[in-house]
Amino acid sequence: MENKITQLRKGILELAILGALSHGRHYGYSLVRTIAGGSDIDLTEGTIYPILGRLAKEGLVQSEWVESSQGPPRKYYTLTLKGERTFRVLEGEFRKLAAIVSNAQKGTAPDDRGEHLNVLDVAKESKNG
Amino acid sequence: MANGFSGPVAQIVDNYLERLKKGLKGIPAKDQDELVKEITSHIYESFRADTEGDEVSRILRVLDKLGEPAAVISARMPEAMVTLGKKRKLPFLILAGVLIAFFGVPLGLGGLGAAIGLIIGLLALVVSFYVVAFSLILTGWLSAVFMIVRIFSPGFLDPWIDIYPLVSDPTFNTVIYIVGALLIAALGFGLLWLGSRLMRGVRFVFRFLFEKMRNWRKRAPVPTQ
């Protein structure tokens, strides 16, 4: 279960990061604040760095070090052209998937109470999961 | 180490950054520096934004929100190290391609030849290993079956095989041979099991070497600041 949550989070976080960067450049901490939206969402802030590293490797974002008026320099990230294109595609896909999930939640079980059905076989629970 | 903090806060931050660096061993020095600088900046910004309570509880809260160093570096570890944990059947053709990609290019044409030779040699070794394992299994089972048939019809295959009497009682003698044959088959299965273990080991060693080569190649050009 833990693994599934991690997988889901990684995918959504990646999309969220691209989305935030599509509105302008960010450094790591400002990105975290933007994504969390000021509220205290349970987000392990450090997890955005591996994702940013991967996005950079894939050429979706680029980074530059900028002097800060206060404290150490900040590493700013911006979307590349490829990153913008990818974000638009992913966002469209995400909307479709979100619609599927909300449809599924509204759904009802098939209306087969009238029929007389025997249980043929009960699938055994898988051990590796 | 200067991290922009002072007193106990600086010590706590240092300790965290040291643990982070430990986890980064094996990735290129330049990437290590960048990530440490980036996390230092994060800690600074987060610390500055959080103004409730004394400095120590502030910094502990900051690091708690940031997460353990493992969370920060997980996907930065070399790709191979991440995938190593998963069971993945790696076809030898891909392995060969990777070998040539990493060894062939830096070593020139001679290296390419050596790499191909190495792969063919390894393949031959693997094939002969499995041939031996399977023939042991086949021999063991066939002999056992013949011997079992001979219990019920003692003359079976007599013109073709000659069975040395280990003990005077022929039935007991046959049973000894059946047990022997089954042991040979078991040895074959044992080899198969050993083979799968060996393959895993070989894969691990190769992945490890590729990573070393890749890091070495990345580090080769003079780092630009």
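Helices and strands are runs assigned by DSSP, at least four residues long for a helix and at least two for a strand, and they are numbered from the N terminus. With that in hand, open the viewer and let's walk through this predicted model.

**Stop 1: chain A as a whole**

Select chain A. You should find four helices and three strands. Follow the sequence from start to end and the order is α-β-α-α-β-β-α. Of the 129 residues in this chain, 22% are buried. Now look at contacts between residues at least 6 apart in sequence: 47% of them join residues at least 24 apart.

Try colouring chain A by pLDDT. The mean is 86, and 92% of the residues reach 70 or more. Among the elements of chain A, S3(A) has the highest mean pLDDT (96) and H1(A) the lowest (86).

**Stop 2: helix H4 of chain A**

Next, select residues 81–106 of chain A, which form helix H4. How far apart should the ends of this 26-residue helix be? At 1.5 Å a residue, H4 should span 38 Å, and its end C-alpha atoms are indeed 38 Å apart, so the two values agree.

Stay on H4(A) and highlight Gly83(A), Thr86(A) and Phe87(A), which are buried. What covers the buried residues of H4(A)? The cover includes helix H1 (2–21), strand S2 (61–66) and strand S3 (74–79) of chain A.

**Stop 3: where two helices of chain A cross**

Show H1(A) together with helix H2 (residues 28–36) of chain A. Their axes come within 10 Å and cross at roughly 105°. Angles of 65 to 115 degrees count as roughly perpendicular, and H1(A) and H2(A) are therefore roughly perpendicular to each other.

Zoom in on the side chains here. From H1(A), pick Ala16(A), Ile17(A) and Ala20(A); they meet Leu31(A), Thr34(A) and Ile35(A) of H2(A). The residues of this contact divide into five nonpolar, one polar and no charged.

**Stop 4: chain B as a whole**

Switch to chain B. This chain has seven helices and zero strands, so its pattern along the sequence reads α-α-α-α-α-α-α. Chain B has 225 residues, of which 14% count as buried. Among its contacts with a separation of 6 or more, 63% are between residues 24 or more positions apart.

**Stop 5: three residues in chain B**

Begin with Thr40(B), in helix H2 of chain B. Is Thr40(B) buried or exposed? Thr40(B) is buried, because 22 other C-beta atoms lie within 10 Å and 20 or more are enough to count as buried. Draw a distance line from the C-alpha atom of Thr40(B) to that of Leu17(B): they are 23 residues apart along the chain, yet separated by 7.8 Å.

Now jump to Gly23(B), which belongs to helix H1 (residues 7–23) of chain B. Gly23(B) is partly exposed, with 19 other C-beta atoms within 10 Å. Leaving aside neighbours within four places in sequence, Gly23(B) is in contact with Pro69(B), Ala70(B) and Ile73(B). The C-alpha atoms of Gly23(B) and Val72(B), 49 residues apart along the chain, are separated by 9.6 Å.

Finally, find Phe189(B) in helix H7 (residues 170–219) of chain B. Phe189(B) is partly exposed, with 13 other C-beta atoms within 10 Å. The C-alpha atom of Phe189(B) is 8.3 Å from that of Leu136(B), although these residues are 53 apart along the chain.

**Stop 6: where the chains meet**

Show both chains. Here 20 residues of chain B are in contact with 16 residues of chain A. On chain B's side, helix H2 (29–49), helix H3 (55–66) and helix H4 (69–73) each supply at least two residues. Which helix gives the most? H2(B) does, with 10 residues. The residues on this side of chain B divide into seven nonpolar, seven polar and six charged.

**Stop 7: how confident is the prediction?**

Colour chain B by pLDDT. Its mean is 78, and 77% of the residues reach 70 or more. Among the elements of chain B, H3(B) has the highest mean (92) and helix H5 (residues 79–84) the lowest (38). Select residues 76–89 of chain B: pLDDT stays under 50 there, and the model has 16 contacts beyond four places in sequence for this stretch. Where pLDDT is low, the predicted coordinates should not be read in detail. For the model overall, the scores are ipTM 0.78 and pTM 0.53.

Notes:
Residues numbered from 1 in each chain as written. Chains lettered and ligands numbered in written order. Predicted model: local features only at pLDDT ≥ 70, side-chain atom pairs only at ≥ 80, totals over all residues. Expected span 1.5 Å × (residues − 1). Buried ≥ 20, exposed ≤ 12 C-beta atoms within 10 Å, placed from the backbone. Contact = placed C-beta atoms within 7 Å. Nonpolar A, V, L, I, M, F, W, Y, C, P; charged D, E, K, R; others polar. pLDDT = per-residue confidence, 0-100. Axes fitted to C-alpha atoms, helices over the stretch in contact; angles between N-to-C directions. Parallel < 35°, antiparallel > 145°, perpendicular 65-115°, else oblique.
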